[in-house]
Amino acid sequence: MRAPNPTVLVVGATGRFAGLVVPELVRRNATVRGLIRDPASAEKARRLGAPEVVIGNLRDPQSLEDAVEGVDGVFHIGPAFAPDEAAMGVAMVEAAARAGVRKFVFSSVIQPTNTRLKNHASKVPVEDALYSTNMEYTILHPANFMQNIAAAWPSVVRDGVFSEPFPKTAKLARVDYRDVAEVAAIALTEARLSYATLELCAGMHSREEIVSMMGEELGRPISAGEQTFGEWAANARLPYDDRQLQLLAKVHDHYARYGLGGNSLTLRCALGREPRSLRSFIRELALQSAQIA
């Protein structure tokens, strides 16, 4: 059953990932209210499809109260590796509950109970807070985002090497965040995903397998590079401070030891179709490169 024209608050509506949720909600006749920090991003939020824009800060309780007033649903994704990510998420849950918000979708992480990883553990208090509300919650557990490969694509095309700071044989569960965004929009506009906790994964691949796909799509060999974390982080130019980089280094150390497991069954069922594959994602990148050339 589809909710008629709900108003949904999207936290970080102009971000790399929340920005993908906005058009999916619009496609389902939802009215999007974008919560952003920088007033200069307001026009971008509107271009994505958010006719309502509110300026706020997840660390400012009053701005959260203002943002959730009168909305039917909330989509929340926290800022990666922020030291108070959990507190910000809990504050958003509590503000939404006080305002009588009906639906809440939280983009968490695959294996949140892997508390050895701080960015995983920080999701647990937010999930726990949702269980003690009367909102219809849906908790998403997405795997490693395929969009991270897109960030490295220019160097792959230029140098013929795809490098990550863990062994090329390690297999990681990955997902196209466009599929995560679609699941989020379904949950916020329909009833069938209410109270679900969903592992979202399209498949598991090693870097050896990935460069094979890249080579086939580009029509030339691509090799699997192995860099130290420091080398990789310097090349990636990540917008993180030293503390955040240390946390990310621990994530990659975990990948080196154990990989990252995931199963595609739940995502397939939630979407009602096959999820976007890593092969199709790489093919899109290759086609875009060919068009630019």
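**Entry 1: helices α7 and α9**

I began with helix α7 (residues 147–159) and helix α9 (residues 207–218), which pack with their axes 13 Å apart and at an angle of about 60°. The model I am reading is a predicted one. I noted α7 and α9 as oblique to each other, because an angle that is not under 35 degrees, not over 145 and not within 65 to 115 counts as oblique. The crossing in which α7 passes α9 is right-handed. I then looked up which residues make the contact: α7 gives I149, W153 and V156, and α9 gives I210, M214 and L218. Sorted by class, the contact of α7 with α9 has six nonpolar residues, no polar ones and no charged ones.

**Entry 2: helices α9 and α13**

I stayed with α9 and turned to helix α13 (residues 278–292). The axes of α9 and α13 are 9 Å apart, and the two helices pack at an angle of about 40°. That angle makes α9 oblique to α13. I recorded a right-handed crossing for α9 and α13. On the α9 side, the contact is made by I210, M213, M214, E216, E217 and L218. On the α13 side, I listed L278, R279, I282, R283 and A286. By class, the contact of α9 with α13 divides into seven nonpolar residues, no polar ones and four charged ones.

**Entry 3: the nonpolar cores**

Next I looked up the largest nonpolar core, which has 52 residues. Which of its members touch the most other members? I found V10, L25, F75, L140, Y177, V183 and L198. Helix α8 (residues 177–189) supplies the largest share of this core, nine residues. I followed L25 further: not counting residues up to four places away in sequence, L25 touches V8, V10, A30, V32, A185, L188 and T189. There is also a second, separate core of 25 residues, and V90, V93, A95 and F106 are among its members.

**Entry 4: E182**

I went back to helix α8 for E182, which is found there. Is E182 buried or exposed? E182 has a relative accessible area of 10%, so I entered E182 as buried, the limit being under 20%. Leaving aside neighbours within four places in sequence, I listed E24, R27, R28, L271, R273 and R276 as the contacts of E182.

**Entry 5: Y137**

I then checked Y137, which lies in strand β6 (residues 136–142). Y137 has a relative accessible area of 15% and is therefore buried. What is Y137 in contact with, leaving aside its neighbours within four places in sequence? I noted F104, L130, Y131, L193, S194, Y195 and A196. I also looked up the pair Y137 and T197: they are 60 residues apart in sequence, and C-alpha to C-alpha they are 8.7 Å apart in space.

**Entry 6: M92**

My last residue was M92, placed in helix α4 (residues 85–98). M92 counts as buried because its relative accessibility is 0%. Not counting residues up to four places away in sequence, M92 touches L9, V11, L35, L58, L64, V68, V74, H76 and F104. For M92 and H76 I wrote down 16 residues apart in sequence and 7.9 Å apart in space, C-alpha to C-alpha. I marked F104 in my notes, as it is listed as a contact of M92 and also as a contact of Y137.

Note on methods
Residues are numbered from 1 along each chain as its sequence is written. This is a predicted model: local features need pLDDT of at least 70, side-chain atom pairs count only at pLDDT 80 or more; totals for chains, interfaces and linings use all residues. Side-chain values use heavy atoms; hydrogens and water are left out. A nonpolar core is a set of buried Ala, Val, Leu, Ile, Met, Phe, Trp, Tyr and Cys residues joined through side-chain atoms within 4.5 Å. Buried means under 20% relative accessible area, exposed over 50%, partly exposed in between (1.4 Å probe, protein chains only). Helices (H or I, at least four residues) and strands (E, at least two) are DSSP runs, numbered from the N terminus. Contact means heavy atoms within 4.5 Å. Axes are lines fitted to C-alpha atoms, for helices over the stretch in contact, and angles run from 0 to 180 degrees between N-to-C directions. A crossing is left-handed if the near helix is turned anticlockwise from the far one by less than a right angle, and right-handed if clockwise. Ala, Val, Leu, Ile, Met, Phe, Trp, Tyr, Cys and Pro count as nonpolar, Asp, Glu, Lys and Arg as charged, and the others, Gly among them, as polar.
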